[in-house]
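Colleague: I should like to learn how to read a structure that is new to me. May we go through it feature by feature?

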Amino acid sequence: MNADKQSFDLNNEYIDLAVEVFSMLADPTRLRIVMILNDSERSVNEIAGMLGKQPASVSQHLAKLRMARIVQTRQEGQRVFYRVANEHVSQLAIDALYQAEHSVEEIPRHHRAG
């Protein structure tokens, strides 16, 4: 992939923005939310139910993720549905979890055949 080989100026604004993305995903609840939204759109209540947390708490996390442009919303009547902003958000979260597997297991689950 050409995007993987693209070089960035280490002094540009993207470095600071990337750090902001990492800081948003450094919270376990927010990382779980991104993984829940990885391949679907969900409401606050659905996400809260999956996490076993109060909707108000989940809503606060979603607001932070939205302000950081990590998630986007779609309104349908009174309900608001959330989704990841782009495939890079999902891939970043997945890659972080893969790296965590490497830290714990000699042969991580994602490298095992079958």
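Colleague: Which pattern does the chain follow, read along the sequence?

Modeller: Please bear in mind that this is a predicted model. Read along the sequence, the pattern is α-α-α-β-α-α-β-β-α, and the chain holds six helices and three strands.

Colleague: What does the UniProt annotation cover?

Modeller: The unreviewed UniProt entry gives "domain: HTH arsR-type" for residues 10-104. Over residues 10-104, helix makes up 64% of the chain and strand 15%. The C-alpha atoms at the two ends of this stretch are 31 Å apart.

Colleague: How should I read the sign of phi, and where does Arg69 lie?

Modeller: Most residues other than glycine have a negative phi. Arg69 has a positive value, with phi near 60°. Arg69 belongs to the loop that runs between α5 (55-67) and β2 (71-76).

Colleague: Is Arg69 buried or exposed?

Modeller: The term exposed applies over 50% relative accessible area. Arg69 counts as exposed because its relative accessibility is 69%.

Colleague: What share of the residues in the chain is buried?

Modeller: Of the 114 residues in the chain, 27% are buried. The accessible surface of the chain is about 8300 Å², and carbon and sulfur atoms account for 50% of that surface.

Colleague: How many positive and negative side chains does the chain have?

Modeller: There are 13 positive and 15 negative side chains, and the centres of these two sets are 8 Å apart. As for overall dimensions, the C-alpha trace spans about 45 × 40 × 25 Å along its principal axes.

Definitions and conventions
Residues numbered from 1 in each chain as written. Predicted model: local features only at pLDDT ≥ 70, side-chain atom pairs only at ≥ 80, totals over all residues. Heavy atoms only, no water. UniProt positions renumbered as here; feature names shortened; annotations may be inferred. Helix = DSSP H or I, 4+ residues; strand = E, 2+ residues; numbered from the N terminus. Buried < 20%, exposed > 50% of the residue type's maximum accessible area, 1.4 Å probe, protein only. Areas by Shrake-Rupley, 256 points an atom, 1.4 Å probe, with all protein chains shown as cover. Lys, Arg positive; Asp, Glu negative; His and termini not counted. Charge placed at Lys NZ, Arg CZ, Asp CG, Glu CD.
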